2 protein chains.
Amino acid sequence: MRSNTKTTVGSYLVTRLEQMGLGHVFGVPGDYVLGFYDLLEASDIKVIGTCTEIGAGYAADAYARVNGLGAVCVTYCVGGLNAVNAVAGAYAEKSPLVVISGAPGTNERVRSPLLHHRVRTFETQLRIYEQVTAAAVALDDPRTVPMLVDSALDTCVREKRPVYLELPRDLVSAPCAAPGPHRPVQPHSDRASLDEAVAEAVALLSRARRPVILAGVELHRFGLQAPLLRLVERTGYPVAATLLGKSVISERHPRYLGIYEGAMGHERVRRAVENADRVLILGAFMTDINLGIYTARLDPARTIYAHSGTVAIGHHHYDDVFLGHFIARIADARLPRRRTAVPRAAAPLPFRPHSGDHITMRRLFARLDQFLDDDTVVICDIGDSLFGGADLTIHRRTEFLSPAYYASMGFSVPAALGAQIADMRRRPLVIVGDGAFQMTGQELSTITQHRLNPIVLVLNNKGYTTERAIHDGPYNNISGWAYHRWPDILGDGWGCEVRTEDELEDALRKAQAHTSSFSIINVQLDPLDCSPALIRLGRRLARKVK
Amino acid sequence: MRSNTKTTVGSYLVTRLEQMGLGHVFGVPGDYVLGFYDLLEASDIKVIGTCTEIGAGYAADAYARVNGLGAVCVTYCVGGLNAVNAVAGAYAEKSPLVVISGAPGTNERVRSPLLHHRVRTFETQLRIYEQVTAAAVALDDPRTVPMLVDSALDTCVREKRPVYLELPRDLVSAPCAAPGPHRPVQPHSDRASLDEAVAEAVALLSRARRPVILAGVELHRFGLQAPLLRLVERTGYPVAATLLGKSVISERHPRYLGIYEGAMGHERVRRAVENADRVLILGAFMTDINLGIYTARLDPARTIYAHSGTVAIGHHHYDDVFLGHFIARIADARLPRRRTAVPRAAAPLPFRPHSGDHITMRRLFARLDQFLDDDTVVICDIGDSLFGGADLTIHRRTEFLSPAYYASMGFSVPAALGAQIADMRRRPLVIVGDGAFQMTGQELSTITQHRLNPIVLVLNNKGYTTERAIHDGPYNNISGWAYHRWPDILGDGWGCEVRTEDELEDALRKAQAHTSSFSIINVQLDPLDCSPALIRLGRRLARKVK
């Protein structure tokens with residue numbers, strides 16, 4: 001892999017990232033990383049400077065979900081420690097994110113001085129990142145850099161988890177062996193395990209009369225949408241998705257059931273999945289929100305559960321089985337074709353605004369469902385934005401982004417930045433609560449700087465409505481902002497405030513036509529109005545708060 | 001200490017915090033911490049909800065610097081991990097900050113489910129906080145809670161470092177022993193060490209002909225301003241301060257020299273300190289920025305260095321000597337009175353604005369120096385705001401706040417929130433760069449909610465000017481915002497934009513008169529204009545970047 005020619009440590013890393021298809025890096029510069037920023041500026045990788053490191057982290061996470069690899073590049077501690085939460089979210093939800101942090105030079109550390117940005121020891125940040133990444137390494141010896149970089153980047157792509165690379169500033173230009181051609185990671189399965197797992201699964205599925213597929217987030221991450229589609233079309237099995245897996249198959253596909261989330265979701269989907277005599281669960285995390293806070297009823301005796309390199313059937317499991325291989329082999333098997341009926345929701349009537357009526361959550365999402373087109377990426381922040389958004393019908397694949405498991409508020413606006421930079425053909429529709437917008441909404445600045453044009457709907461109910469539903473108190477109330485006035489701050493963008501259905505109608509039309517920069521719609525809602533799904537969720541979570 | 005009566009785990013913690021003089025807690029609610037929020041609401045401690053957890057962290061840090069104890073209360077991971085950087089800064093700069101995080105209930109953790117907000121294991125956040133606190137404990141057993149809480153809070157106050165308490169939500173209402181009366185931590189010295197250290201120091205100081213005191217941040221933290229003043233007034237020694245120690249003595253005191261920061265500071269201060277035949281360094285951190293990036297020349301053979309429980313003289317040191325005891329004993333010793341001349345800067349002429357002249361950094365700070373009054377708390381963000389602010393003459397004690405060592409951008413606006421809540425008699429003057437404002441400026445929302453009235457000066461030069469001085473590149477440019485339009489977003493506050501000296505004059509007058517809410521002044525500066533101190537610093541840091 002490595003030639004005898006020489007490069008520098010910094011250039012080695014840049015070259016590998018270019019080879020792996022990284023087009024952009026998100027970050028905030030700082031003195032310990034400026035030398036590496038210069039290398040990025042001189043490379044094919046574009047630096048997207050954000051307002052905050054947490055914004056860079058969310059943007060890079062979303063970019064990684066769309067592009068297959070993302071990166072955030074920050075300075076030591078004051079930068080890196082501000083991105084920890086976004087990286088933790090990428091870990092929890094399996095997003096292939098590379099974190100690059102500058103650090104004090106090895107030549108400056110002699111006698112352990114109190115250099116600025118240092119917390120306790122020079123290892124503090126490395127120790128912290130070990131907790132939220134699949135690999136965390138300090139690139140402090142040019143001889144081991146090629147091996148460490150290659151190994152960490154492979155881990156990132158293979159496990160779809162973040163990795164952390166710490167680069168002391170004096171090593172950026174230190175000589176090291178040049179990189180050879182990049183060899184992409186090949187997914188691996190143990191052949192014997194795979195054969196046996198497939199044989200057992202096929203035997204069970206052959207006998208099943210009402211099998212159903214439950215599709216999860218790993219299908220997004222490993223790019224297995226096409227094999228899933230083939231499996232669905234060859235077998236005819238109805239397919240439901242988890243909340244994190246939403247949009248892994250077009251939600252207009254005739255065999256698509258909807259989102260399965262126990263009692264939180266639609267009854268027809270719950271019944272279809274729970275009444276199946278065999279549920280083939282593919283790449284789903286069995287998380288609490290994904291499963292409607294454990295209201296899901298999935299009897300292990302009736303499931304085949306493939307995820308993270310493992311296939312579990314009943315109470316035994318097979319290790320070292322790559323999900324993609326497993327799906328392909330099941331699709332190839334001559335399974336009896338099933339034509340189980342797919343219970344469908346009544347086709348919604350064309351939405352007609354009721355002039356003068358105050359907007360409600362229910363009507364808002366009904367309207368938005370008809371606003372989506374083939375080029376819309378829906379990005380939902382956590383809270384009722386997500387619970388309401390779960391009901392939207394996504395047209396194509398991979399067009400719904402949300403931190404549906406880790407549930408970190410403030411993801412959506414920076415995620416719109418990352419998602420649109422990763423795929424300029426799509427236009428993000430951001431659905432964000434006021435509390436979440438107040439956390440990271442300033443990244444509209446970065447969005448403006450790069451001439452992106454998301455449509456941002458702020459669901460303005462002056463508080464943390466999800467928490468109101470769970471356990472209310474005065475701490476759930478927040479200040480009202482004139483969110484639609486952000487264009488006045490930024491000198492670009494288009495904004496308006498809406499209270500009634502006809503105002504919303506008008507605003508959506510104008511936002512759609514305003515393609516030169518972002519649009520922001522301040523949707524005034526009743527503080528106690530929430531989606532039916534949230535009311536159900538709130539009741540369940542409330543039992544656990546005390 | 002503990003009685004036989006019973007209370008609950010949550011109430012135990014609340015009672016102790018009340019007993020220790022905590023009046024406010026900063027945070028963002030989340031479902032794992034809502035039960036504890038209810039206890040806070042019912043207590044004498046007021047909850048200040050911020051826009052972000054990093055904002056809560058900075059606010060609580062500033063509150064702790066002013067009040068002697070501060071606290072931030074957040075939810076698990078998505079909350080706690082967003083505050084890590086502020087807590088790291090409090091660790092680095094010794095601020096007594098208590099971090100309280102909710103967590104999944106112990107009863108929910110059986111079989112290790114994927115509960116929302118979980119990253120890797122249930123211990124992830126605890127492991128991370130161990131890196132940035134003096135004590136990090138999980139309160140997961142009601143029997144040990146009194147001991148763990150008391151021990152952690154004592155550590156916080158004794159070491160002036162943050163501590164972390166993780167509270168599983170099912171334990172908030174679990175019964176535990178009630179707290180007895182609170183016994184404040186008494187600072188401790190080993191008597192023999194203290195005696196010997198004092199004797200040696202007094203002998204050296206008695207022989208010194210030109211002794212000088214260098215006062216540092218620990219004098220703020222341990223509340224030793226009065227003993228320092230007594231020492232200065234009894235001995236007549238001239239006293240300089242480090243950047244972090246700034247304002248530990250009134251900067252109008254006749255024996256006050258100025259800020260000592262090597263070649264970065266004023267030549268007259270540098271010369272006075274470096275030409276002294278004995279430098280008594282009290283409670284200073286020997287950090288890079290504090291010491292003008294190692295341009296300071298302090299020969300250990302001529303210093304007596306007391307800090308963090310240690311007194312170092314020459315190449316030996318005494319442990320277990322509390323700084324306060326040491327200072328008091330030196331002040332009591334019959335040292336020969338010294339009347340070394342204190343070189344003073346020429347008294348500035350009354351500032352007269354040059355009508356129509358563009359504002360420069362030099363003139364801006366000259367004007368601000370005359371704007372301060374006895375009730376002003378100056379809060380400088382990192383960057384040229386700090387380097388320029390270092391030259392301001394602070395009237396009273398403890399009126400200058402800045403992250404001068406850890407150097408985390410975005411500290412100042414939330415710090416103004418925390419500082420004014422801690423002492424409503426003072427009015428903060430915030431000096432903040434545009435880059436730093438973009439990070440956390442939204443906490444003006446919280447400032448508005450609580451009817452506080454800081455004056456915020458945004459030094460708008462469309463980029464990271466400190467970095468431009470160190471190592472320029474396109475990544476140092478940021479979007480221009482109409483910062484003065486924030487009142488339009490928030491529906492309160494007063495703002496304006498200024499370019500010339502007469503506009504600045506007018507704006508300062510109006511801001512001073514506008515006491516009902518915040519004022520924000522968007523100061524348009526040339527992107528390449530910077531303070532003389534920054535030019536000197538930039539040259540030095542630039543050598544280390546490559």
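How many helices and strands are there in chain A? Chain A has 20 helices and 21 strands, where helices (H or I, at least four residues) and strands (E, at least two) are DSSP runs numbered from the N terminus.

Hi everyone, a word on conventions before we go on. This is a predicted model, so local features need pLDDT of at least 70 and side-chain atom pairs count only at pLDDT 80 or more, while totals for chains, interfaces and linings use all residues. Residues are numbered from 1 along each chain as its sequence is written, and chains are lettered from A and ligands numbered from 1 in the order in which they are written.

Let's start with overall shape. The C-alpha trace of chain A spans about 70 × 65 × 45 Å along its principal axes. For 546 residues, a compact globule would have a radius of gyration near 24 Å, and chain A agrees, with 24 Å; that radius is taken over C-alpha atoms, and the globule rule is 2.2 Å times the number of residues to the power 0.38.

Now burial. A residue is buried if 20 or more other C-beta atoms, placed from the backbone, lie within 10 Å of its own C-beta. In chain A, 60% of the 546 residues are buried. Take helix 2, residues 34-41: 6 of its 8 residues are buried, so the rest of the structure largely encloses it. Among the buried ones are A:F36, A:Y37 and A:L40.

A:H471 is a nice loop example. It sits between helix 17 (465-470) and helix 18 (486-490) of chain A, and it counts as buried because it has 20 C-beta neighbours inside 10 Å. Its C-alpha is 8.0 Å from that of A:G538, 67 residues away along the chain.

On to the pair of chains. A turn of 180° and a shift of 0.0 Å along the axis lay chain B on chain A with an RMSD of 0.0 Å, by least-squares superposition on the C-alpha atoms of residues with pLDDT of at least 70 in both. That is the relation of a two-fold axis. The C-alpha of B:I128 is the nearest to the axis in chain B, at 2.5 Å.

What does each chain bring to the contact? Chain B gives 76 residues and chain A gives 75, with contact meaning C-beta atoms, placed from the backbone, within 7 Å. The copies meet through the same surface, because 99% of the interface residues of chain B are also interface residues in chain A.

Last stop, A:L282. Leaving aside neighbours within four places in sequence, its contacts include A:I213, A:L228, A:A306 and A:I327. Thanks, everyone!

Definitions and conventions:
A residue is buried if 20 or more other C-beta atoms lie within 10 Å of its own, exposed if 12 or fewer, and partly exposed in between; C-beta atoms are placed from the backbone. Two residues are in contact if their C-beta atoms, placed from the backbone, lie within 7 Å.
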